[in-house]
Amino acid sequence: MGKSPDWLYTDHATCGSPAWIGKGLTCVCFNRKGNCQRICISLTPLQEERLRRLKRRMKVYFDASKLDHQEALRALWSASFPGQALQSLISDQWKEMGWQGRDPSTDFRGAGFISLENLLFFAKTFSTSFQRLLKKQGGKGAVWEYPFAVAGVNITFMIMQMLDLDATKPRTFVRAVFLQMLSENEWAFDMLYCVAFVVMDKQWLERNATYMEFNDVLKSTRVQLEKELLMDDVLRIEEMPSYSLLC
């Protein structure tokens, strides 16, 4: 398990303490794995391009009239319930997955199309974990009271808020660290989503939570993610301690 980073306090223009936020400094240094690592405000061309792509994804609203959005929904159903035919894009079958009604498109309003992409990425990349959470394998009745799909949309929205990617200048170290990770892996946001989902589920079970406590569990999930992202030995999503929960 990693430790929180030791911030290095220096007084030259390119490397500074947490006071760099809003001070016009270009970078901040902290100790990771025994070395001084820089997190910079000035993004590399690769970071800028990947951030632009991610922002574009975040701005896409779900549109049930678009064929590619319809196909993404069908793909999610197929990945969730292989071998079980979907009767219609508007169907009571969707309730099996934890949508609030017959039409899942109404649940995407908070986070947009990217929340569907996140669920689909989770289903295809970590199918065992996805199926375990979806089908409540190993759960005990009352502790499994959060609706799976709606929880997934809320997790996307929580991560978007945590990373603060729309800000003109970085306002948190978590955002800056994530941008470094994004330069290593274009799918860092989707990977972080998968980690967040299993962390949320783990905390839910440990607290024996009820549906009324969902927002509290989501807040504690965010705290755990922020803690792990700032650990001195975490340079990639795969190095987060909770990544080991995925399979």
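## A tour of selected residues and helices

Start by selecting D164, a buried residue with a relative accessible area of 15%. The model you are viewing is predicted. D164 sits in the loop that runs between α5 (148-163) and α6 (173-184). Its backbone is worth a look: D164 is not a glycine, yet its phi is positive, at about 55°.

Next, select N208. This residue also has a positive phi, about 50°, without being a glycine. Is N208 buried or exposed? With a relative accessibility of 48%, N208 counts as partly exposed, because exposed would require over 50%. N208 belongs to the loop between α7 (188-207) and α8 (214-229).

Now show the two helices on either side of that loop. Two packed helices are described by the angle between their axes and the distance between the axes. For α7 and α8 the angle is about 125° and the axes are 9 Å apart. The two helices are therefore oblique to each other, and α7 passes α8 in a right-handed crossing. To see the contact, select residues of α7 including L192, V195, V199 and W204, together with residues of α8 including F214, V217, L218 and L225. The residues of this contact divide into eleven nonpolar, four polar and two charged.

Stay with α7 and turn to the salt bridges, of which the model has 14. Select R57 and D190, whose side chains meet in a salt bridge with an N to O distance of 3.0 Å. R57 lies in helix α1 (residues 45-58) and D190 in helix α7, so the pair ties together parts that are 133 residues apart in sequence. Both R57 and D190 are buried.

Another salt bridge to select is the one between R132 and D201, where the closest N and O atoms are 3.8 Å apart. R132 is in helix α4 (residues 127-134) and D201 in helix α7, and this pair links distant parts of the chain, 69 residues apart. How accessible is R132? R132 counts as partly exposed at 27% relative accessibility, whereas D201 is buried, with a relative accessible area of 2%.

Then select E49, R52, R53 and E186, which are joined into one network by salt bridges that share partners.

Finish with D92 and K95, whose side chains form a salt bridge at 3.5 Å, N to O. D92 is partly exposed, at 44% relative accessibility, and K95 is partly exposed too, with a relative accessible area of 46%.

Conventions:
Residues numbered from 1 in each chain as written. Predicted model: local features only at pLDDT ≥ 70, side-chain atom pairs only at ≥ 80, totals over all residues. Heavy atoms only, no water. Helix = DSSP H or I, 4+ residues; strand = E, 2+ residues; numbered from the N terminus. Buried < 20%, exposed > 50% of the residue type's maximum accessible area, 1.4 Å probe, protein only. Axes fitted to C-alpha atoms, helices over the stretch in contact; angles between N-to-C directions. Parallel < 35°, antiparallel > 145°, perpendicular 65-115°, else oblique. Left-handed = near helix turned anticlockwise from the far one by under 90°. Contact = heavy atoms within 4.5 Å. Nonpolar A, V, L, I, M, F, W, Y, C, P; charged D, E, K, R; others polar. Salt bridge = Lys/Arg side-chain N within 4 Å of Asp/Glu carboxyl O.
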